[in-house]
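Thanks for coming. I will go through one structure today and keep to what was computed from its coordinates.

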Amino acid sequence: NIEDNFQFILFGGTGDLAHNKIIPAFYNLAAKDILPDHYTIIATGRRYDNKNEYLNNLYSSIENKKEKIDNRTWQSLTDHIEYFQLSFKENNDFERLRKRLLQKSKEDKISNRIFYLATAPKFFAEIAKKLKEFNLLNAGFEHSDSRLVIEKPFGHDFESAKKLNNTLNDIFSEKNIFRIDHYLGKEMIQNIMVIRLSNPIFRALWNREHIDNIQIYLNESEGVKDRGKYYDDTGVIKDMFQNHILQVLSLIAMEEPANLSAQEISDKKVEVFKELADNDLSDIDKHIVRGQYDSNTVNGEKIKAYRQEKQINSESQTATFMALKLFLNNDRWRNVPIYLKSGKRLNKKEAAIAVEFKDNFHSSYLQNQKLDSNLLLIKIQPEEGVSLRFNTRKPASNNKIIPVKMEFCQSCQQFFNSPENYEGLIYDMIEGDKTLFTSWEEVSYSWKFIDKIQQKCEEENIELHNYPALSEGPEAADRLLEADGRKWLDKE
Ligand code: BG6
């Protein structure tokens, strides 16, 4: 349970993220009865005139996600929500907010003040500066140890990220800056270290001697929806690779941490990001496949091409799909290919990590047949679980060997209800645990790596393959692996 009283000031309180993720996560925390007696969520925004109007909208959003809203939980949550009309441009609004924080702090003895920036990224620096200018950090709060939570994207390249970081560091210390990557809130991503480190059978084999290749795929079936303007400037490389995919990769590839402190884990992850950034990427252009979805008709329904979506340039060259092959040049992973893939409007939503083991079979079993490799699949979503493929004797056969799968489906368990990604993240930011947040070093090296790739794509003018919406993606991505005698394991 959270014991300390806190104030949670949500900028972008009327936006999508607040409605669909942040407040629903608070609802779940309230339902579990783990919030303290005194806490206040001050949701700021411009859209609504009063609290009732705001709460009605929140109610509908939460209702869309749940079968039924529990009235007692809703009542207890909304008793703690205040709606505060504020425009980022109005100094006077910040002044009013300071007064409100001061007054509220007198009523509740608070131990924590958290500012959450769930706004468009262009406002991040501006809001942070105003927090300082208008003395919101320590108004009525002696610790002056307020926390800042910041959504992605953190910059749009290394230079802009550095600039933003410098601005934030003038106001908050690194220990109080919580950079969100909501993938780190996912159950199976938090499970990666446990699977790796608490199972001697995997721990002993987690290296180039035994692992043939690693694949990480974050496939989406949705298009860009209403986020065209943001997405057309961003593309899959910055939207999914710079953050989510590289975070997953770092947990899979890092050296073993000496302990489980947030700092130690982050240090180990940083080594991976640093290696990526320092890698010789001179021929990476041969290992990249870029794609963009085209229109298609599926079951009689016409699906728009990316270029026909709202707010997208009709000649856009933005990639909505990317596949990448890379190597880490260290003792653990040298020469083990790592294949990464993500795309919008693919035929199914499916995210997983596939670890394929080497064909180190006893030669006696290879005489008359080809055996399947051992395969560990960590399923992130929609199904959460683990599957392990291994070989066994076909019953009543003459030593014929067949592959079988041992399946653990976490999300299939009865009464299983995976917590919202944001639920654990919010809990941790209130408790001050940074393990599931990204450090500046992680972010900075990941940008350096992505910048190099982006530059290469531009210099080499890497082809943009069209793929039909709701298909498996460009065929060129299959050829990338076929050239190595392999295939994507999401196509098995
Ligand atoms: C976000 C991206 O960070 O992650 C979106 O901006 C993407 O474009 C989303 O759709 C995917 O998250 P999830 O949790 O649905 O896999």
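Which residue in E15 stands opposite Ile378? It is Val386. Before I go further, please keep in mind that this is a predicted model.

Let me stay with that strand pair. E14 and E15 run antiparallel, with five bridges between them. Both belong to an open sheet of nine strands, and the pairing in that sheet is mixed. Reading across, the order is E16-E15-E14-E13-E7-E12-E11-E8-E17. E16 and E17 are the edge strands, each with a pairing partner on one side only. From one strand to the next, the twist averages 15°.

One edge strand gives us a residue to look at. E17 covers residues 464–468, and His465 is in it. Is His465 buried or exposed? Its relative accessibility is 18%, and buried means under 20%, so His465 counts as buried. Leaving out residues up to four places away in sequence, His465 touches Val289, Arg290, Gly291, Gln292, Pro474 and Ala476.

Next, the helix on the sheet. H10 lies across four strands, namely E7, E11, E12 and E13. Relative to E12, H10 runs at about 140°.

That helix leads to the nonpolar core. The largest one has 149 residues, and the members that touch the most others are Phe11, Phe26 and Met429. Which helix gives the most to this core? That is H10, residues 228–253, with twelve residues. There is also a second, separate core of six residues, with Tyr217, Ala354, Leu375 and Leu489 among them.

Take Phe26 as an example from the largest core. If we set aside neighbours within four places in sequence, Phe26 is in contact with Phe6, Phe8, Leu35, Ile41, Leu77, Ile426 and Ile430.

Now a helix pair. H1 spans residues 16–31 and H2 spans residues 51–65. Their axes are 10 Å apart, and the packing angle is about 85°. Angles of 65 to 115 degrees count as roughly perpendicular, so H1 is roughly perpendicular to H2. On the H1 side, the contact uses His19, Asn20, Ile23, Pro24 and Tyr27. On the H2 side are Tyr54, Asn57, Leu58, Ser61, Ile62 and Lys65. By type, the residues of this contact are six nonpolar, four polar and one charged.

Last, some backbone geometry. Most peptide bonds are trans, and most residues other than glycine have a negative phi. Where do we find cis bonds here? One is the peptide bond from Lys152 to Pro153, with omega near -5°. Pro153 sits in the loop between E5 and H6. Another is the bond from Gln381 to Pro382, with omega near 0°. Pro382 is in the loop that links E14, residues 375–381, and E15, residues 385–393. That is the loop between the two strands I opened with.

On positive phi, I have two residues to show. Lys225 is not a glycine, and its phi is near 50°. Lys225 lies in the loop between E7 and H10. Ala396 has a positive phi of about 55°, and its loop is the one between E15 and E16. Exposed means over 50% relative accessible area, so Ala396, at 82%, counts as exposed.

That is the end of my part.

Methods
Residues numbered from 1 in each chain as written. Predicted model: local features only at pLDDT ≥ 70, side-chain atom pairs only at ≥ 80, totals over all residues. Heavy atoms only, no water. Core = buried A, V, L, I, M, F, W, Y, C linked by side-chain atoms within 4.5 Å. Buried < 20%, exposed > 50% of the residue type's maximum accessible area, 1.4 Å probe, protein only. Contact = heavy atoms within 4.5 Å. Axes fitted to C-alpha atoms, helices over the stretch in contact; angles between N-to-C directions. Parallel < 35°, antiparallel > 145°, perpendicular 65-115°, else oblique. Nonpolar A, V, L, I, M, F, W, Y, C, P; charged D, E, K, R; others polar. Pairing = 2+ DSSP bridges.
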